[in-house]
Amino acid sequence: MPSSDAAKKAPFSIIIVGAGLGGLATAVALRKKGHAVHVLEGASELKEVGAGIQIPPNSSRLLQSWGLKEQLLKKVVWPKNINMRRYQDGDVIGVTPLDPKMTKTYGYPYWLIHRADYQRMLHDAALAEGATITLGAYVQDVDQENVTVTLHDGTVLKADVIIGADGIRSRVRECAVVTEETVEPRTTTNCAYRATVPGEIMRADPEVRHLMDEASSNCWIGYRRHIMAYPIQEGKLYNLVMSHPGKAAVGKWNEPGNLDEMKAQYKGWDPVICKVLEKVEYCLKWTLADLPVLPRWVSKSGRVVLIGDAAHAMVPYLAQGAGQAIEDGASLAECISRARDSSDLPAVLAAFQTIRKPRCEKIQKGSMENGDIWHMPDGPEQLARDADMKMEMGATDEDRVAAQLKQQKLVKSNPNRWSDPEFQPWLFGHDAIAHANTQLDLILKF
Ligand SMILES: Cc1cc2nc3c(=O)[nH]c(=O)nc-3n(C[C@H](O)[C@H](O)[C@H](O)COP(=O)(O)OP(=O)(O)OC[C@H]3O[C@@H](n4cnc5c(N)ncnc54)[C@H](O)[C@@H]3O)c2cc1C
């Protein structure tokens with residue numbers, strides 16, 4: 001990969017550490033701008049687990065801007081709504097309309113996809129754009145001054161910029177960006193089981209087949225627990241994420257779960273979801289964790305930068321972790337492409353941090369808070385929450401006033417964040433590329 005220490009003109013040579021969803025999306029965005037991109041992935045094969053992930057409009061906008069709509073349309077499910085349901089009986093407490101509402105409101109859809117399909121699609125897109133991707137290339141060390149990485153086999157590679165897209169336990173962060181302290185992920189009191197049930201098994205059971213017939217995300221919420229579930233792969237699979245109190249084995253982040261323990265966590269819940277759980281034959285158990293707010297995302301040299309979970313891992317209660325990693329990639333490509341030569345790189349990476357950090361940290365905090373809202377014990381607060389959730393965004397002003405009077409209080413927001421009249425447009429309506437450029441015009445002096 002060509003590079004020199006002298007002020008080198010753009011386009012630049014860029015190493016991305018990590019071929020997760022964030023690293024691969026960033027590779028696509030940077031190749032679109034003409035930079036030379038080498039992605040180094042420690043695993044010897046792509047390893048996103050066989051589970052689902054939600055693609056919100058703030059991501060689908062970017063993916064479409066990179067020309068990936070056609071590939072995505074072959075793989076995605078279009079959910080009608082996100083239905084928030086009471087854990088005991090499945091009663092719908094709140095609805096966030098998704099299709100066609102998201103496209104009508106924000107111009108871009110809300111999709112559901114299998115993680116492995118998503119990663120493969122981004123991998124193929126990065127290759128098609130001309131990125132180099134090396135699997136089995138674990139980055140052992142990063143020298144932020146010399147802008148080099150050392151692989152596990154001793155190979156040293158140099159670039160103009162190194163991007164740490166290496167996840168919550170980032171080596172790049174430790175070696176090159178936050179070196180004065182060890183940043184420990186903050187494990188929460190909850191774990192998540194992840195599982196899928198074959199679509200044909202779901203459809204064969206008249207008591208649960210409606211969950212396949214209407215493609216919606218359903219989220220059953222109860223004390224300290226919730227289950228988020230939706231169909232993926234054109235209805236070939238039903239995907240389940242089950243958050244519950246507990247810890248995974250020390251040092252393990254992803255281990256096989258015990259099916260009896262899993263079902264016991266949801267004893268007494270809506271018979272419909274319990275019936276689905278009976279059909280699960282294998283589950284994985286994940287520790288749920290986020291990161292504390294980092295002091296910085298950019299190294300002292302201004303040549304190494306963190307994105308995605310390496311910078312701002314969040315709990316999945318707003319389904320935005322990958323969404324934010326993809327926004328990072330889009331924004332970073334705009335920032336780097338403003339540098340005229342390599343002497344501008346520290347300024348554009350600092351601008352990237354200024355542009356992205358507040359938004360990601362607000363979503364990180366909002367995700368944790370959303371868990372608290374969903375996981376309330378039964379009681380007056382929960383009753384008030386459920387009443388507030390029922391006031392959907394689509395309600396008329398008259399409806400809102402009537403509901404507010406009825407409750408004898410003024411409700412300014414919806415505790416269902418996905419339906420909140422202020423938070424939803426801020427979250428889903430964000431255009432990371434336009435925002436980066438508006439901000440760069442203000443921040444940069446060149
Ligand atoms: C239960 C659950 C549900 C979720 N649901 C959603 C959702 O619906 N929507 C959403 O947007 N987000 C969701 N998320 C969050 C999302 O999965 C993550 O935020 C996202 O995948 C992070 O992507 P990343 O590329 O930053 O990191 P990662 O996916 O962690 O990728 C990091 C990559 O770097 C590689 N790597 C690590 N160290 C090295 C090294 N030293 N050298 C080379 N390679 C290395 C790893 O092998 C890996 O491939 C969920 C998360 C969980 C736990």
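**View 1. Residues around the ligand in the predicted model.** The ligand is surrounded by 32 residues (one heavy atom within 4 Å of it), and Gly22, Glu41, Arg115, Val139 and Asp309 are the closest. By class, the shell holds 13 nonpolar, 11 polar and eight charged residues (Ala, Val, Leu, Ile, Met, Phe, Trp, Tyr, Cys and Pro count as nonpolar, Asp, Glu, Lys and Arg as charged, and the others, Gly among them, as polar). The model is predicted: local features need pLDDT of at least 70, side-chain atom pairs count only at pLDDT 80 or more, and totals for chains, interfaces and linings use all residues. Residues are numbered from 1 along each chain as its sequence is written, and side-chain values use heavy atoms, without hydrogens and water.

**View 2. Backbone polar contacts of the ligand.** Polar contacts are pairs of N or O atoms within 3.5 Å. A polar backbone atom of Val139 is 2.9 Å from a nitrogen atom of the ligand. Oxygen atoms of the ligand lie 3.5 Å from a backbone N or O atom of Leu21 and 2.9 Å from one of Ala322. The protein buries 88% of the 1,000 Å² that the ligand exposes when taken alone (Shrake-Rupley method, 1.4 Å probe).

**View 3. The ligand between two domains.** Domain 1 (13-80 + 99-184 + 291-370 + 426-443) and domain 2 (188-289) both contribute residues to the shell, so the ligand lies between them; the bounds come from an automatic or database domain assignment.

**View 4. The bend in helix α13.** Helix α13 bends by about 35 degrees at Arg356, and Pro358 follows within four residues. The bend is the angle between axes fitted to the seven residues ending there and the seven starting there.

Note on methods: A polar contact is a pair of N or O atoms within 3.5 Å; within protein, one must be able to donate a hydrogen and the other to accept it, and residues adjacent in sequence count only if both atoms are side-chain atoms. Helices (H or I, at least four residues) and strands (E, at least two) are DSSP runs, numbered from the N terminus.
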